[in-house]
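Okay, thanks for coming, everyone. I'd like to walk through one chain with you today, so have a look at the screen.

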Amino acid sequence: MKVQITETAPIRPSPLPFSDDHTLALSHLDNDHSLNVTFRYLRAYVNNNNNTTDRNPFQVISSAVSAALHHYYPLGGSLCRASNGRYELVCKVDQTLPLVHASADCTLESVNYLDDPDMNSVEQLVPDPNPEETMVNPCILQVTMFKCGGFTLGAAIHNSLCDGLGATQFFCMAADLARGIDQIKFQPVWDRAALLGPRNPPRVEGPIKEFVSLEKGFHPYKQNLGHVVRECFYVEDECLDQLKALLLEQSGLNLTTFEILGAYIWRAKVKAAKIPGDETVKYAYLMNIRRIVKPPLPAGYWGNGCVAMYAKLSAKELIEQPLWKTAELIKKSKSNAGDEYVRSFIDLQELHYEEGISGGKGVSGFTDWRHLGHSAVDFGWGGPVTVLPLSSNFLGSMEPCFFLPYSSFDTGKNKGFKVLVSLRESAMPAFREEMEKFTRKEFGL
């Protein structure tokens, strides 16, 4: 697959939402050091609707993005560092959001609808700005047309602007406008510093102190792990159901797919990477706190509304203890989530931001994208048939794992899902063997 860029169109909000340049404050959650990264992903669309063949996807999406930017205009702003070292957003009357127009030399079908693509080739479908470019344009989009009429919408969005749920709110509004739905479901809410600001006086209590560390100069995304590669693995329902039944018999616990498969993959990754037994390793995932905080965040809040949750063990414990105990540890970690945990995390950012707050070394990030409502992002050609993240830096981890649905166009795979795993190249062969054992139902309980 070869991709050629045709143009980069500057998209302006229509109509203009403000008349004076101004600066917007970001929340302490937005300024979390682990979010100092551009998150990149794509959605793939099949154009097989005879009623829309006369519509140009690039023109439709550019017009829809322009209209949605009237409500989400901060996406066209620029990031800068305030005197306190935190990010803030500069919004100017003449600001624009770059929308790249590109074309691919193949059909979507020929690349299996990007269900399990060549990871080097697929990089061409999403903008990849350098650190300087992403400060000027923290949100860059790309529409790539395929020979079949299908297309992809790639996004590169600095994580300090919003999380995945916030970005999806924006894309859903643009998609609704593209389909002629003018009624706004809820008005976007920005008031980040007030809604998620520190307490007076700030105080740090509860379990948050057990999981994060202060290490000035440590950068979670600059660890020397060697070359990191990505690979998709398929998870069959039959294998997962059998593992669930075995763990239920052993523990008497009703464990979720995220807890069980997460525990298996976490153990497999640490084992394959040959992490020394006395080192602490952490399982990290995001918890949506929009309804957890008191008072709850308004429906239109589109900033970062998640906090990192952790389970931790020594590498030796993780590899040697029964799998159900690890799954139980992940399950129990969810009970830490509450208003106090969130407020303490915010206050920690207030008190120790310059000291370098992070999850430290040995973090494996996990997230479940199977039920995020991506199908609602329909610009008139139906929802995306494939959604694919390209980022390897996530949640303070350089080796994240995404649970993803199969492409809806892949009729051969409808009983299960896939996991996209990032891992140091030296460990991938051994990890692949662990996943083959899973397929053979050799779970190593």
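**Two domains and their salt bridges**

Let's start at the interface: 67 residues of domain 1 are in contact with 54 residues of domain 2. Keep in mind, please, that this is a predicted model. As for where the cuts are, the domain assignment puts domain 1 at 3–189 and domain 2 at 205–440. Their C-alpha centres sit 25 Å apart.

How much area is buried between domain 1 and domain 2? About 5300 Å², and carbon and sulfur atoms give 61% of that. If you look at who pays for it on the domain 1 side, Leu29, His33 and Asp115 supply 14% of the area that domain 1 buries against domain 2, more than any other three residues.

Now the polar part. Across the interface we get 27 residue pairs in polar contact, both residues at pLDDT 80 or more. Which elements of domain 1 give two or more residues to the side that touches domain 2? They are β3, α1 (57–69), α2 (119–122), β8 (151–158) and α4 (164–178). Of these, α4 brings the largest share, with 9 residues.

The count of salt bridges between domain 1 and domain 2 is 3. One pair I'd like you to find is arginine 230 with glutamate 123, whose side chains meet in a salt bridge at 2.7 Å, N to O.

Okay, zooming out from the interface. By the same kind of rule, the total comes to 23 salt bridges. Let me pick three.

First up, aspartate 347 and arginine 199, with side chains meeting at 2.7 Å, N to O. Aspartate 347 is in helix α11 (residues 339–352) and arginine 199 is in the loop between α5 (192–195) and α6 (208–211), so this pair ties together parts that are 148 residues apart in sequence. Buried or exposed, for aspartate 347 and arginine 199? Both are buried.

Next, glutamate 259 and lysine 331: here the closest N and O atoms are 3.6 Å apart. This one also links distant parts of the chain, with glutamate 259 in helix α8 (residues 257–272) and lysine 331 in helix α10 (residues 323–333), 72 residues apart. Glutamate 259 has 1% relative accessibility, so it counts as buried. Lysine 331 comes out at 30%, so that residue counts as partly exposed.

And then a local one. Glutamate 434 and lysine 437 form a salt bridge at 3.4 Å, N to O. Both lie in helix α12 (residues 428–439), 3 residues apart, which is about one turn of the helix. Glutamate 434, at 11% relative accessibility, counts as buried, while lysine 437, at 27%, counts as partly exposed. While we're on salt bridges, some of them share partners, and that joins Arg40, Glu123, Asp128 and Arg230 into one network.

Last stop, a bit of sheet. Strand β3 (residues 38–45) runs antiparallel to β15, and 4 bridges join them. Which residue stands opposite threonine 386 in β15? That's alanine 44. Along β15 (residues 386–389), Thr386 and Leu388 point one way, Val387 and Pro389 point the other way, and all are buried.

That's my tour, so over to you for questions.

Methods
Residues numbered from 1 in each chain as written. Predicted model: local features only at pLDDT ≥ 70, side-chain atom pairs only at ≥ 80, totals over all residues. Heavy atoms only, no water. Buried < 20%, exposed > 50% of the residue type's maximum accessible area, 1.4 Å probe, protein only. Pairing = 2+ DSSP bridges. Domains from an automatic or database assignment. Contact = heavy atoms within 4.5 Å. Buried area = accessible area lost by both parts, 1.4 Å probe. Salt bridge = Lys/Arg side-chain N within 4 Å of Asp/Glu carboxyl O. Polar contact = N/O pair within 3.5 Å; in protein donor to acceptor, adjacent residues only side chain to side chain.
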